[in-house]
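The following exercises concern strands, helices and the contact between two chains. Please study the sequence and the structure before reading each worked solution.

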Amino acid sequence: MLPSQSTARDLLHPEVLAGLKNLDLVARSVVEGFLIGLHRSPTFGFSQEFAEYRAYAEGDDPRFIDWNVYARTGKTYIKRFLGDTNSHLMILLDASASMGFGGPPVSKLRYGQFLAASLSFLAARQHDAVGCMIFDEEVRDYRAPSSRAGKLQGILHCIDSAEAAVGTRFDKPFDKFREQVSRRGLVAVISDFYCDAEDLLAGVRPLAWHGQDVVLFQVLDQQELDPQFGNNVLLEDLETGKAIEVAPQFMREAYPKRIRAHIDSLAAAAASIGADHVLVNTSDLLDEALRNYLLFRQRRK
Amino acid sequence: MGFLAPLFLVGALAIALPIWLHRLQTQSSDRQSFSSAMLLETTEERVHLQKKLKYLVLLALRIALLLMIALAFAKPFLNRPPTSLTAGAAGTHLILVDTSVSMSRAGVFDQAIAVASQAVDDVPPGTLLQLLNVDDALHIGSSLSADKAAHRAAISELKVSALRLDFGRAMAAVDRLAESFPPPVTLHLISDFQGSAMPVRFADVVPSRVTRLIPYVVGTGSPFNWSVKYVRETAEGLDVGLMGFGDRERVADVELLLNGEVVETRGLSETGPVTLHFTNLQYEQGDNRIQVRINTDDDLAADNQWFHVVENEPPASVPLITLNRGGLPVTYLSAALESDAGQSYHVEPLVIGEFDARVLGRYRWALLDDIGAIDEELDHALTAYLQNGGNLLAFSGIRAANSSVLPVTGHRMSAATVGFGGNEFQSPEQIDTSHPVLAQTEGWHTVNVSRTVPIEVQAADQVLIRLENKQPFLIERRIGAGRLLLLLNGLDNRWNDLPLRPVFVSFIIETAGYLSGINEISKTYTTGASLPLSLVGNASGQVVDPDGNTVLSLADTTRAQQINLDKPGFYEVYTSQDNMLVAANIDPRESDLTRISQELLDRWQDATARLDGIVAGQPGTVEPEPVELWHWLLFILAMVVIAESMLGNTYLAPLARANR
């Protein structure tokens with residue numbers, strides 16, 4: 001039995017999800033809650049949306065044979081849906097030290113884990129092959145894309161076990177990713193992207209050239225977007241350990257402009273290579289991120 | 001650089017405290033983690049650096065504060081190139097010449113004069129210099145200046161005195177003098193360095209404010225000296241103690257002069273202590289001048305004679321003021337006073353109303369058998385007598401008991417009765433044996449007292465004896481310059497049995513010695529001693545020294561309290577009451593010409609220099625001089641404290657505002 005709409009929406013709140021220890025349950029709750037809301041939406045369809053017919057070929061699942069067409073024409077046709085067009089989602093989750101920032105209730109990494117798990121669950125529900133890679137300066141964990149039912153639990157476990165550690169690099173992990181994945185598909189990169197746009201492009205551009213459809217989920221905490229400090233404070237970089245004393249006036253006035261400019265530069269860089277950029281605030285509901293993903297997926301068809 | 005007290009450097013470990021505190025403070029600052037410093041303003045980093053720098057400066061100031069304290073206690077010093085005689089460094093040079101008796105040894109003082117002149121010449125031009133000489137006191141020969149001619153002239157004026165030198169007292173005086181002189185102070189000590197001039201404690205000869213001691217020993221060699229050590233009176237005549245110093249055997253003649261006439265001559269043939277006995281001496285009445293003279297060619301002639309005074313006085317008269325010339329008091333007191341073997345007295349009764357009170361001024365002390373018997377005129381005369389230094393032993397008879405107020409003292413009668421009732425007797429119980437009159441008397445407890453004059457004791461009274469019933473029995477009061485001993489009882493068999501007890505004789509004799517001052521008077525002194533004139537007479541007088549010169553000026557004849565006996569010989573003291581002869585002799589310790597050892601002299605020299613942190617060298621040698629830095633450290637310390645306070649206040653001000 002599906003939860004009521006309001007109850008399902010509550011499950012999209014990060015603070016509610018933070019109370020759930022099981023990432024599988026988190027993903028299931030998010031996707032179900034998201035889909036309930038989505039059915040009410042006049043704008044979006046989902047995977048059951050009809051796309052085309054094609055002639056049945058040996059090996060196709062006979063469950064998808066449109067028997068009505070066969071009755072009228074005597075020929076067997078397979079009914080294809082929108083969700084069947086992309087069958088490959090690779091999730092790259094940044095587990096660097098900076099992702100450990102944020103909260104309560106959830107850090108950026110935990111929010112990224114929720115997002116990654118939800119995407120995985122959503123993709124699996126659409127019978128997409130799902131894989132994941134956890135990285136910081138190196139590749140920490142990697143699960144190859146697979147659509148087999150039992151693989152999802154392994155991917156969720158891989159995502160769940162990620163812990164914020166050291167610094168971030170995009171070139172080295174992404175090179176390794178290209179070596180591992182030969183099929184084209186969707187690549188969702190979940191990170192806070194504290195790097196130069198050029199450095200990001202250097203890592204992502206080869207993926208685009210490789211034919212991957214890339215979506216960048218930039219996860220930021222509200223304190224990063226709109227920091228609130230009453231006094232001078234000594235801020236210590238989680239990755240480098242460098243400490244800088246900042247004045248509250250700077251954090252109120254100059255810093256928001258800088259972070260906005262940084263986000264814009266990343267978005268522009270992503271656009272330059274055909275990638276999509278989605279800014280995610282850890283205080284927001286998860287459905288917005290999922291909705292962005294679906295829009296992106298829909299555009300790629 | 002070195003440290004005089006390096007152990008205090010352990011205190012520098014205290015700098016761990018501010019370091020630890022600053023570390024805590026640094027850790028507890030408002031530090032927060034942030035995802036990335038990539039977008040933060042770099043200028044804010046400078047602000048933090050400035051704050052951190054301020055913090056480090058504060059830490060450095062506090063560390064410096066503790067280090068300064070530890071260093072100051074460790075007494076650091078710097079070795080500075082020395083100021084030597086030849087180097088011509090600034091400072092003060094003191095030329096100190098020994099002018100004690102021993103320096104009169106043949107040729108020694110001339111040598112000392114020559115050495116002093118040479119020392120003045122050796123001091124670099126422009127150096128401050130002062131000439132001093134010392135015997136039993138320190139004398140300034142010239143004022144502090146760089147004028148060598150003036151100092152040489154002062155040296156030529158120096159003369160040997162008849163006084164003794166004590167190096168301990170001399171160095172203490174130099175130390176006090178050097179306090180006001182520009183340092184470093186160099187002391188040139190020119191002396192024969194007699195061993196007998198050294199004090200008991202070596203530390204007393206080490207002056208703390210003298211940077212360098214340069215000794216100049218004069219009069220070397222093996223001196224030979226005869227001296228008179230003492231003259232003592234015996235029942236048969238006189239004993240004369242002689243002392244010979246040195247290894248040589250010399251024949252000497254000893255002459256005994258009595259009142260200027262040679263009465264006997266003895267020969268001496270060997271050194272060492274010798275005692276000569278002179279008998280059958282025919283003394284004249286009064287003070288006799290005894291002079292012992294050694295005729296020899298020893299090295300020190302000044303101590304070859306000794307002066308002594310032998311008293312051959314008739315019994316001294318003491319007035320007894322009484323109403324009855326033939327009464328018991330006259331009998332009792334005459335018997336007691338005439339029994340004194342040392343100084344006999346003749347009691348001279350003065351009947352009240354029959355004598356002129358002005359005659360009391362002739363006597364050092366007087367007796368009064370009943371203080372209640374005197375009239376008003378005599379009351380005033382006795383009070384004036386006491387005010388002027390006269391002394392009185394008064395008894396309280398029946399007339400005193402019948403008075404309401406005692407004359408002279410003004411004592412009022414208390415409520416107690418004269419008699420104790422029936423056949424009751426009281427004995428003296430509380431006796432102040434610390435008083436000179438009572439110190440030698442015994443047997444007071446055997447005295448029975450049946451009556452007493454009950455008075456109210458006043459604040460000026462010193463109660464010497466109390467009876468068993470706590471009533472005063474003997475009191476003393478000082479009136480002006482005189483003393484009054486008041487026995488609150490009469491010399492009457494019906495009142496007490498005191499005159500019949502042995503203690504009465506000793507009491508009267510001790511009282512006579514006490515009130516007459518005879519016990520305190522000495523006839524023989526050493527040169528340098530002071531003769532208290534109050535002991536020889538209570539009125540103005542004059543003193544004639546051995547050379548026949550009057551010692552006191554006209555003004556001093558009435559106000560001088562004492563005179564200094566600085567010449568050997570006989571001093572004649574004339575007062576309105578008495579004429580007296582006093583002998584002064586050179587201190588026998590000056591006769592021993594043995595010099596202190598070179599080792600002791602070197603130790604003295606080293607100790608003087610070591611007090612200032614350096615090791616002394618020989619005259620003219622170059623030794624480093626330490627410059628103590630602790631006072632500079634204290635100055636810097638004060639600056640650091642101020643800086644730390646200001647910086648700390650600046651640092652804490654924002655926190656204070658934030659707390660408000």
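**Exercise 1: A sheet shared by two chains**

In this predicted model, three strands form an open sheet in the order β9(A)-β8(A)-β2(B), with mixed pairing.

Task. Determine which strands lie at the edges of this sheet, and how β8 of chain A is joined to β2(B).

Solution.
Step 1. An edge strand pairs on one side only; here this applies to β9 (243-246) of chain A and to β2 of chain B.
Step 2. Strand β8 of chain A, residues 233-237, pairs with β2(B) in the parallel sense, and the pairing runs over four bridges.
Step 3. Two of the residue pairs can be named: A:Glu236 has B:Ser33 as its bridge partner in β2(B), and A:Asp237 has B:Phe34.
Step 4. Neighbouring strands of the sheet are turned against each other by 35° on average, when direction is ignored.

**Exercise 2: The contact between the chains**

Task. State how many residues each chain gives to the contact, and describe the side that belongs to chain B.

Solution.
Step 1. Chain A contributes 26 residues to the contact and chain B contributes 18 residues.
Step 2. On the side of chain B, the elements that give two or more residues are β2 (31-34) and α2 (42-74).
Step 3. Of the elements in chain B, α2(B) gives the most to this side, with five residues.
Step 4. Sorted by class, this side of chain B holds six nonpolar, six polar and six charged residues.

**Exercise 3: A strand inside chain B**

Task. Is strand β4 of chain B, residues 92-98, enclosed or open?

Solution.
Step 1. In a regular strand, side chains alternate between the two faces of the sheet.
Step 2. One side of β4(B) carries B:Thr92, B:Leu94, B:Leu96 and B:Asp98, the other B:His93, B:Ile95 and B:Val97, and all of these are buried. The cut-off for a buried residue is 20 or more other C-beta atoms within 10 Å of its own.
Step 3. Seven of the seven residues of β4(B) are buried, so the strand is largely enclosed by the rest of the structure.
Step 4. β4(B) also pairs with strand β5 of chain B, residues 128-134, in the parallel sense over seven bridges. Within this pairing, B:Leu96 has B:Leu132 as its bridge partner in β5(B).
Step 5. For chain B as a whole, buried residues make up 37% of its 660 residues.

**Exercise 4: Two helices in chain B**

Task. What is the relative direction of helix α3 (residues 108-122) and helix α4 (residues 148-156) of chain B, and which residues bring them into contact?

Solution.
Step 1. Two packed helices are described by the angle and the distance between their axes.
Step 2. The axes of α3(B) and α4(B) come within 10 Å and cross at roughly 170°.
Step 3. Angles over 145 degrees count as roughly antiparallel; α3(B) and α4(B) are therefore roughly antiparallel to each other.
Step 4. From α3(B), the contact uses B:Ile113, B:Ala116, B:Ser117 and B:Val120; from α4(B), it uses B:Lys148, B:His151, B:Arg152 and B:Ile155.
Step 5. By class, this contact has four nonpolar, two polar and two charged residues.

**Exercise 5: Confidence in chain A**

Task. What is the mean pLDDT of chain A, and where does the pLDDT fall below 50?

Solution.
Step 1. The mean pLDDT of chain A is 77, and 83% of its residues reach 70 or more.
Step 2. Stretches with pLDDT below 50 include residues 1-6 of chain A, with six contacts beyond near neighbours in sequence, and residues 39-48 of chain A, with ten such contacts.

Notes
Residues numbered from 1 in each chain as written. Chains lettered and ligands numbered in written order. Predicted model: local features only at pLDDT ≥ 70, side-chain atom pairs only at ≥ 80, totals over all residues. Contact = placed C-beta atoms within 7 Å. Nonpolar A, V, L, I, M, F, W, Y, C, P; charged D, E, K, R; others polar. Pairing = 2+ DSSP bridges. Axes fitted to C-alpha atoms, helices over the stretch in contact; angles between N-to-C directions. Parallel < 35°, antiparallel > 145°, perpendicular 65-115°, else oblique. Buried ≥ 20, exposed ≤ 12 C-beta atoms within 10 Å, placed from the backbone. pLDDT = per-residue confidence, 0-100.
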